[in-house]
Amino acid sequence: MTEPLVDELVLDGNAVAGVLIELFGSEMTIATGVCDHCGNAGAVGSLHAWIRGPGIVLRCVACGGVMVRIAQTPRGTFVDLRGTRRMRLPQALG
C-alpha cells in the first residue's frame, strides 16, 4: 500500500469558511493575513488547510509556517493565531 500524496490531504482556506464565519461573525476568507514567519501577505482563503486531524491548521503558502490553529472540543473552541503577524478584516458592506 502506498502513502497518499501530501497534496491530496491539503485544501485551501476556503474549505473552512463556515467555521471561520461561526468564530469571527463575518466572511474571513477574504481577510488578509500576514505570516509571522516570512512576512508573506495573502487572503485567508488561499492558505493551505489541513482539516483531517483533531483540529484545523492553516499554513502559509509561501513558507509553510503555521498561521492559525483551531480546535473545537466539548469544552470550547480554541483559536491560536500566534503565527499570524496581523490580519486585516474586510470592511462591512452597506
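Strand β2, which covers residues 32-35, pairs with β3 in the antiparallel sense, and 3 bridges hold the count of that pairing. Within the pair, valine 34 has alanine 41 of β3 as its bridge partner. The model described here is a predicted one, and this strand pair belongs to an open sheet of 3 strands, whose order is β3-β2-β8 and whose pairing is antiparallel. The strands β3 (41-43) and β8 (84-88) are the edges of this sheet, since each pairs on one side only. From one strand to the next, the twist averages 25°.

**The chain as a whole**

Along the sequence, the elements follow the pattern α-β-α-β-β-β-β-β-β-β, which amounts to 2 helices and 8 strands. The chain has 94 residues, and 29% of them count as buried. Its exposed surface is about 6200 Å², and carbon and sulfur atoms supply 55% of that area. Among the contacts with a separation of 6 or more, 48% are between residues 24 or more positions apart.

**The sheet of five strands**

A second open sheet has 5 strands in the order β1-β4-β5-β6-β7, again with antiparallel pairing. Its edge strands are β1 (11-12) and β7 (76-80), each of which pairs on one side only. Strand β4, made of residues 48-50, runs antiparallel to β5 and is joined to β5 by 3 bridges, while β5 and β6 pair in the antiparallel sense over 4 bridges. Both pairs are also hairpins: 5 residues lead from β4 to β5, and 6 residues lie between β5 and β6, with glycine 64 in that turn taking a positive phi of about 85°.

The table lists residues that stand opposite each other or are bridge partners in the strand pairs described so far.

| Residue | Partner | Strand of the partner |
|---|---|---|
| valine 34 | alanine 41 | β3 |
| alanine 49 | leucine 58 | β5 |
| tryptophan 50 | valine 57 | β5 |
| valine 57 | arginine 69 | β6 |

Valine 57 can thus be followed across the sheet, as it is the bridge partner of tryptophan 50 and also stands opposite arginine 69 in β6. The two faces of β5 can be told apart as well: Ile56 and Leu58 form the covered face, whereas Val57 and Arg59 form the uncovered one.

**Helix α2 and the core**

Helix α2 lies across β5, β6 and β7, and runs at about 80° to β6. Which residues of α2 are buried? They are Ala17, Val19 and Leu20. These residues lie on the same side of α2, because they cover an arc of only 160° around the axis. The cover over the buried residues of α2 includes β5 and β6. Just after the helix, glycine 25 takes a positive phi of about 75°.

In soluble globular proteins, nonpolar side chains tend to be buried together. The largest nonpolar core of this chain has 15 residues, and those that touch the most other members are Leu20, Val44, Ile56, Leu58, Met67 and Ile70. Two or more residues of the core come from each of α2 (17-24), β5 (56-59) and β6 (66-73), and the largest share, 3 residues, is that of β6. Ile56 and Leu58 therefore appear in two descriptions, as the covered face of β5 and among the core members with the most such neighbours.Leucine 20 shows how the helix meets its surroundings: leaving aside neighbours within four places in sequence, leucine 20 is in contact with Gly13, Gly25, Ser26, Met28, Thr29, Val44 and Ile70.

**Threonine 29 in its loop**

One of the residues in contact with leucine 20 is threonine 29, which is placed in the loop between α2 and β2. Is threonine 29 buried or exposed? Threonine 29 counts as buried, because its relative accessibility is 9%, and the cut-off for that label is under 20%. Not counting residues up to four places away in sequence, threonine 29 touches Gly13, Asn14, Ala17, Leu20, Ala43, Val44 and Gly45. Two of these, Ala17 and Leu20, are buried residues of α2, and Val44 is listed with Leu20 among the core members that touch the most others.

Definitions and conventions
Residues numbered from 1 in each chain as written. Predicted model: local features only at pLDDT ≥ 70, side-chain atom pairs only at ≥ 80, totals over all residues. Heavy atoms only, no water. Buried < 20%, exposed > 50% of the residue type's maximum accessible area, 1.4 Å probe, protein only. Contact = heavy atoms within 4.5 Å. Areas by Shrake-Rupley, 256 points an atom, 1.4 Å probe, with all protein chains shown as cover. Core = buried A, V, L, I, M, F, W, Y, C linked by side-chain atoms within 4.5 Å. Pairing = 2+ DSSP bridges. Axes fitted to C-alpha atoms, helices over the stretch in contact; angles between N-to-C directions. Arc of directions from axis to C-beta.
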